[in-house]
Amino acid sequence: IPYQINTGDQILNRGQMADLLTRVIKYLDGSLDDYLKGDQPQPLGPSAFESLSSSDVKGNSSVLLLLDKNLVDQDLIDAFKTFVADLKNESYHVIVKVSNFNTPEEIRGYLQQQYDTSNPETEGVILIGNIPYAHLVIDDTNIPGGSVRKAATYEFYQDLDGVFSKSNTGFPDAYSSHTGNTNNELWVTILPWYQDQDATVKKIIYYLNKNHTYRTTETQADGFIEIQEMLTVNSQADYDQLINSYLKTTGDYASLPDNHTFSIVNYFVPNTIGKPDVTAGYANLSIENRYNIFNLATHGDENGAGKLTKTWFNNNVLAPFILLIGGCNSGNLDASSPPILVETIYNSNSRSVFAQGTSTFSGGLGKNTDGFYVSNILRELFNGKNLGQAFIKHLNTPLIYPWSDSQELHHEILILVGDGTLKLKY
């Protein structure tokens with residue numbers, strides 16, 4: 001290290017230089033002694049990220065960003081700074097915390113403390129990286145092909161005053177019941193781990209960059225697309241009945257709310273009468289700036305939801321911004337490789353900034369006293385709510401029969417990937 005640094009106007013002596021280095025290295029979360037012992041600057045520490053938190057009380061609500069300590073990385077800091085600045089510009093009070101928690105119980109305790117003390121009140125949490133999550137025992141042996149198993153659940157973090165208990169000896173690490181006041185206080189979305197540290201950092205940077213583009217760029221998209229793969233239509237009468245049930249705002253399984261203003265509404269279903277089919281629907285998914293929302297009603301697993309598979313991305317672009325995926329296991333975080341739900345926001349051929357799926361076999365999010373879940377969520381988005389708020393509104397409204405008999409198959413296994421603060425742009 002040189003004894004002097006020429007600044008142009010003055011010469012710094014050794015003491016002044018040491019003071020300057022101390023200030024710089026304090027930002028790097030190291031020490032001057034550590035720096036002098038090595039050849040390279042110290043890596044960024046947690047304070048480099050946590051110092052981005054809002055310094056004063058302002059904003060309409062607080063959003064907590066809980067960051068995996070293994071992602072405290074120089075490569076991530078610039079994209080992360082932009083993300084935090086975007087949130088502040090939209091009047092969120094931002095809390096950044098680098099996680100040193102090892103268990104879901106520790107995380108829930110921290111979330112409870114933040115919810116009780118934050119000003120303004122915390123509305124949601126984005127978990128970034130390899131953040132532990134809880135499991136819930138699912139027992140659907142009352143239906144054909146059902147089983148007893150455990151599945152990832154974020155209700156453990158969303159419902160802070162509910163009572164979760166463990167009593168199933170077959171799954172001692174999973175919660176087997178959720179009782180008490182089961183309403184959700186927080187929404188929780190994730191930017192999950194992807195294979196290894198290097199890959200995860202790159203995927204998150206890619207996601208945060210397109211998140212910034214979505215927030216700051218006008219879109220020409222003004223459409224809704226639904227692909228229904230679980231039914232086949234063989235007559236015009238059946239087709240008309242299906243359209244009335246799923247796309248008309250008064251239908252039993254209506255996807256569109258009465259306040260929607262989409263100028264483009266496209267519906268694709270397997271059929272033998274010459275109507276637009278599933279193949280045409282998937283081709284439409286690659287049309288840029290047409291669809292804001294994509295609803296996919298299909299069967300699936302962690303490798304794919306219907307024809308939307310990991311290999312599909314090799315030759316296709318997924319252009320819609322917001323995805324609602326009804327396929328089972330699309331968000332199975334316990335799978336040996338990242339599930340298809342994660343691929344929908346991280347793949348370089350995806351424009352999507354948010355996607356909904358489930359961690360195991362599911363019957364969708366069900367129908368409540370407000371209507372079918374797709375319609376309910378879109379209604380709130382057209383009312384100006386963000387995605388997290390829209391989902392919480394549906395989750396906190398009582399399900400009707402028969403969905404009410406199996407809430408765990410509709411609500412407890414919900415997985416939301418992306419950023420819950422985002423709103424519908426059209």
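In this predicted model, strand β13 contributes the most to the lining of the largest pocket, namely three residues. That pocket has a volume of about 690 Å³. Its lining comprises 32 residues, and S362, G363, G364, W403 and H410 are those that lie nearest the centre. Two or more lining residues come from each of β11 (223-228), β13 (293-297) and α11 (373-382). The search for such space rests on a simple principle: rolling a probe the size of a water molecule over the atoms reveals where empty space remains.

Attention may now turn to strand β10 and its surroundings. Six of the six residues of β10 are buried, so the strand is largely enclosed by the rest of the structure; buried here denotes under 20% relative accessible area. In a regular strand, side chains alternate between the two faces of the sheet. In β10, W187, T189 and L191 point one way, while V188, I190 and P192 point the other way, and all are buried. Strand β5 pairs with β10 in the parallel sense over six bridges. Within this pairing, I190 of β10 has L127 standing opposite.

Both of these strands also take part in the surroundings of helix α7. The buried residues of α7 are covered by elements that include β5 (122-129) and β10 (187-192), together with α4 (74-89), β17 (322-325), α10 (340-346) and β21 (414-418). The residues of α7 that are buried are A199, T200, V201, K203, I204, Y207, L208, K210, N211, Y214 and R215; lysine, asparagine and arginine residues thus appear in this list alongside residues such as V201, I204 and L208.

The geometry of α7 can be checked against expectation. Helix α7 runs over residues 197-216, and at 1.5 Å a residue its 20 residues should span 28 Å; the C-alpha atoms at its ends are 28 Å apart, which agrees. The expected figure follows because the rise is multiplied by one less than the number of residues. At the N-terminal end of α7, D196 acts as a cap, with a side-chain oxygen 3.2 Å from the backbone nitrogen of D198.

A further element of the fold is an open sheet of three strands, with the order β14-β15-β16 and antiparallel pairing. Its edge strands are β14 (300-301) and β16 (308-309), each of which pairs on one side only. The pairing of β14 with β15 (residues 304-305) is antiparallel and extends over two bridges. One residue pair can be named here: D301 has G304 in β15 as its bridge partner.

Note on methods
Residues numbered from 1 in each chain as written. Predicted model: local features only at pLDDT ≥ 70, side-chain atom pairs only at ≥ 80, totals over all residues. Heavy atoms only, no water. Pairing = 2+ DSSP bridges. Helix = DSSP H or I, 4+ residues; strand = E, 2+ residues; numbered from the N terminus. Buried < 20%, exposed > 50% of the residue type's maximum accessible area, 1.4 Å probe, protein only. Contact = heavy atoms within 4.5 Å. Polar contact = N/O pair within 3.5 Å; in protein donor to acceptor, adjacent residues only side chain to side chain. 1 Å grid on protein atoms, 1.4 Å probe; cavity = no way out; pocket = protein on both sides within 12 Å on 5 of 7 lines; lining within 4 Å. Points joined across faces, edges and corners; volume = space filled by probe spheres on them.
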